Amino acid sequence: MTTLAERPDVERAGRTRRRTRSRSDRTAIYLLLLPSLLPILVLSVFPLLRGIYLGFTDARAGRNVEVSFTGLANYRELLGDELFWNSFKIGLLWALGVTVLQFLLALGLALLLNQQLRFRGVARVLAVVPWAMPPVVVGILWKLVYHPDAGLLNEFFHRIGADGLRTNWLGDFSTALPAVIIVGVWAGMPQTTVVLLAGLQGVARELHEAAAVDGASTWHRFRHVTLPALAPVIVAITSLDFIWNFNSFGLVYVLTAGGPGGKTMLPMLFAYEEAFRYGNYGYAAALGNVMVVIIVALLAVYLRRRLREAN
């Protein structure tokens, strides 16, 4: 039987054993997480930190090139760089255009696929095919569609006798950006469709039935029942779509490489050109750092809105 004098020693020993067990559990957790953390540190965190550092230097391409710390010199140059601000404006037009059209078309397609149609399963599979294709493949396919001589689009206009509409879609100043936006919408619409379709299936049928009994038309049921129920999903997917589109690179690079005359030069393409065409690694890193800040700010706005909705 434990005496009163021995009880504090027993409790102290128990606390010591619990602390030891807790430390061993934490060590085991860290060891289990290490294999997944190492690739993130090596492939994401270290390059990010390296890029932030290079943005404050005059690093250039070449062997044995001395790198000097230049402070905010790259960022001051960036503020007066008209080419960068032009690419930023084009990036906003691209991101807004693709995001808005993606949402509108995806919402219509999701509403259609949510109906009791024949071969609905096949239609849903076909709707996500563009999502499964790599951006490089999508770019190559659409370059064939837009080809000025042998492209499917110009051939279609020729067959219907509308030769006046034939043009070099990716090489003309007035059509290059709209043509690229159409490709971006086609490539990104499936993911938006899938998310909206999942949201539609979460809308209670009882709400629609009650509204129909009260005499609400199809449009009023969509406006007052479906849209409010989909609001969180719409905010989430459009915010993420805008961030993804603003940060895009591969698709536009394959289609136009920023041409003609910089009319499709997105910010990421501009940074790529500065780094790998002109060898201005420090300046390109500064461009990348600015883009990271912009994207983080957009993510912060999105997460703040999501947390506000959750509360």
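1. Domains. The domain assignment divides this protein into domain 1, residues 2–38, and domain 2, residues 81–310. The model is a predicted one. In it, the C-alpha centres of domain 1 and domain 2 lie 52 Å apart.

2. The annotated region. An unreviewed UniProt entry carries the annotation "domain: ABC transmembrane type-1" for residues 88–302. Over residues 88–302 the chain is 74% helix and 0% strand. The C-alpha atoms at the two ends of that stretch are 21 Å apart.

3. Asp-81. This residue sits in the loop between α2 (73–79) and α3 (82–113). Which side chain of opposite charge is nearest to Asp-81? It is that of Arg-60, 12 Å away. A salt bridge here requires a side-chain nitrogen of Lys or Arg within 4 Å of a carboxyl oxygen of Asp or Glu, so Asp-81 and Arg-60, at 12 Å, do not form one. Asp-81 is buried and has no salt bridge. Leaving aside neighbours within four places in sequence, Asp-81 is in contact with Phe-270 and Tyr-283.

4. Salt bridges in general. Side chains of opposite charge can pair when their charged atoms come close. How many salt bridges does the structure hold? There are 2. Points 5 and 6 take them in turn.

5. Glu-155 and Arg-159. These two residues form a salt bridge in which the closest N and O atoms are 2.8 Å apart. Both belong to helix α7 (residues 152–159), and because they are 4 residues apart there, about one helical turn separates them. Glu-155 is partly exposed, with 29% relative accessibility. Arg-159 has a relative accessible area of 67% and is exposed.

6. Glu-273 and Arg-277. The side chains of this pair also meet in a salt bridge, with an N to O distance of 3.0 Å. Is Glu-273 buried or exposed? Its relative accessibility is 14%; the cut-off for buried is under 20%, so Glu-273 counts as buried. Arg-277, in contrast, is exposed, with a relative accessible area of 59%.

7. Trp-244. This residue is found in helix α10, which covers residues 218–246. At 45% relative accessibility it is partly exposed, because that class lies between the 20% and 50% cut-offs. Trp-244 and Ile-181 are 63 residues apart in sequence, and their C-alpha atoms are 14 Å apart in space.

Methods
Residues numbered from 1 in each chain as written. Predicted model: local features only at pLDDT ≥ 70, side-chain atom pairs only at ≥ 80, totals over all residues. Heavy atoms only, no water. Domains from an automatic or database assignment. UniProt positions renumbered as here; feature names shortened; annotations may be inferred. Buried < 20%, exposed > 50% of the residue type's maximum accessible area, 1.4 Å probe, protein only. Lys, Arg positive; Asp, Glu negative; His and termini not counted. Contact = heavy atoms within 4.5 Å.
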